[in-house]
Amino acid sequence: MRILPQDHAALDLVGRGAAVLIDRAVAWSNVNSGSDNPDGLNDMLALLEAEAGRLPAEVARIPTQGFSTVADDGTVSPQARADALKITARPDAPIQVVLTGHYDTVYPADSAFQTVVNRPDGALNGPGIADMKGGISVMLGALAAFETHPARDGVGWTVLLSPDEEIGSPASAPLLAELGARGHVGMTYEPALADGTLAGARKGSGNFHLIVSGKAAHAGRAFHEGANAVAGAAIVAASLHALNGRREGVTVNVARISGGGALNVVADNAVVRFNVRVPDARAAAWITDAIAEIVASPPFDGLTLDLHGGMTRAPKPMDASQTALFEAVRETGALLGQTIAWSPSGGVCEGNNLHAAGLPNIDTLGVRGGLIHSPEEFAWPDSFVERARLSTLMLCKIASGEIDALKLKSLRLNPPPSGEGDREAVEGANPGHGSSRQAPSVAARHLPQRGRIP
């Protein structure tokens, strides 16, 4: 691959918009849009809708599905979520690119962390500046530049900005699945590590909420007439924790036990909340069966167990399509003087959903940053243009066919037999990649992880 004159024009446009990329991300990050802050989410949605209106595309709010939540007292309640924002250009083009991001953050409305400041070392420190309002700004900047490219008509694209990624995408999951099924390549804008390393293989994840119901009684006069739900929850939690170490790569994190009340009352309710991470589909089946076995029988008489939740994101392995796409991104980055490497991650994101729906995708195309989900969250200002240029050139190369989107989709849906090397997949997805040049192994392209990949 090489940068063509028409590519240079689009890339130059990105460079001239550096201030816009940063300034709007800072403004967005100063709007609290925590996952459970409906007013803030609606405010943020309005800002994104206005900004998306600058693109030559159709902009629409898309309702998300309702879902149920489990309160600390075991009450199950329906919950609505803010709309997603869908931006669409050329939906009938032969190549379809799906770009996703989320506008919710992990910071609640009453968080002390509300505004962006400049660190002494030049980094931007603020809520969502990396995860992922900076990424959304990069995405929109790349699309605006690509829309000036003469080959744009051969590529259609759809953006989905969702309000619930930080809580597992329960409301937007069907929208992600629909887009993933009909797209050819996916681009998601979670932050990269501070050094630019991307997430490669990702584990799968599941969130569970176990309601333990017992029988209340006076702790002194009638203790044996009661059934202590908190004690039962503790026993079950210990059994769940004991699953750790029994299968490689599988972890069970008992995150919270709530319930009970006054000290002189036998507790009649409790909720155990836990998360699981799995490396592959077989491990997901194993942990699901193991959990089912534990909750099938209460630990003692008088209790009932009611399990809610399940596997929310499937594993995203480094399969043939992912290997080929990462190599294409590595070559694209090299044209820009950017060294692209990747590392496996135990974290999950919308990229898991898209891959499960059949879409090869890169899911850490956002800004370089780190310490996300904490008051130290930061992003490097120079990475905004850098990462927007990478996405812009990727879109240009998809339009030219130098990144073969149809081949990548075929590799995802019809993977080669196990045991075949990465080389054929890489060369098939990159027609300009000469057969005499050996593709480096996946292991050779991994760098040690020096921070948290989401």
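Reader: In which sense do strand E1 and E4 pair, and over how many bridges?

Author: Start with the general idea: strands of a sheet pair through backbone hydrogen bonds, either parallel or antiparallel. In this predicted model, E1 (residues 58-62) pairs with E4 in the antiparallel sense, over five bridges. To find the register, look for Ile62, which stands opposite Ala84 in E4.

Reader: Which strand does E4 join through another five bridges?

Author: That would be strand E8 (residues 155-162), and E4 and E8 run antiparallel. Here the pair to look for is Ala89 opposite Trp157 in E8.

Reader: How many residues of strand E4 are buried?

Author: Five of the six residues in E4 (residues 84-89) are buried, so the strand is mostly covered, taking buried as under 20% relative accessible area. As a general point, side chains in a regular strand alternate between the two faces of the sheet.

Reader: Let's move along the chain. What is the strand order in the open sheet of four strands?

Author: Read it across as E12-E13-E11-E14, with antiparallel pairing. The edges are E12 (251-259) and E14 (304-313), each of which pairs on one side only. From one strand to the next, the twist averages 15°.

Reader: How many bridges join E11 to E14?

Author: Nine bridges join them, with E11 covering residues 204-213 and the two strands running antiparallel. For a landmark, find Val212, which stands opposite Leu305 in E14.

Reader: Which strands does helix H6 lie across, and at what angle does H6 run to E13?

Author: H6 (residues 229-241) lies across E11, E12, E13 (269-278) and E14, and runs at about 10° to E13. Now try H7 (residues 281-295): this helix also lies across E11, E12, E13 and E14, but runs at about 160° to E13.

Reader: Zooming out, how many helices and strands does the protein have?

Author: There are 13 helices and 18 strands. The radius of gyration is 24 Å, close to the 22 Å that the globule rule gives for 454 residues, so the protein is as compact as a globular protein of that length. Along the principal axes, the C-alpha atoms fill a box of roughly 85 × 50 × 45 Å.

Reader: And what share of the 454 residues counts as buried?

Author: The buried share is 53%. On the outside, the protein exposes about 18,000 Å², with carbon and sulfur atoms supplying 53% of that area.

Reader: What about contacts between residues at least 6 apart in sequence: what share joins residues at least 24 apart?

Author: For those contacts, the share is 80%.

Note on methods: Residues numbered from 1 in each chain as written. Predicted model: local features only at pLDDT ≥ 70, side-chain atom pairs only at ≥ 80, totals over all residues. Heavy atoms only, no water. Pairing = 2+ DSSP bridges. Axes fitted to C-alpha atoms, helices over the stretch in contact; angles between N-to-C directions. Contact = heavy atoms within 4.5 Å. Buried < 20%, exposed > 50% of the residue type's maximum accessible area, 1.4 Å probe, protein only. Rg over C-alpha atoms; globule rule 2.2 N^0.38 Å. Areas by Shrake-Rupley, 256 points an atom, 1.4 Å probe, with all protein chains shown as cover.
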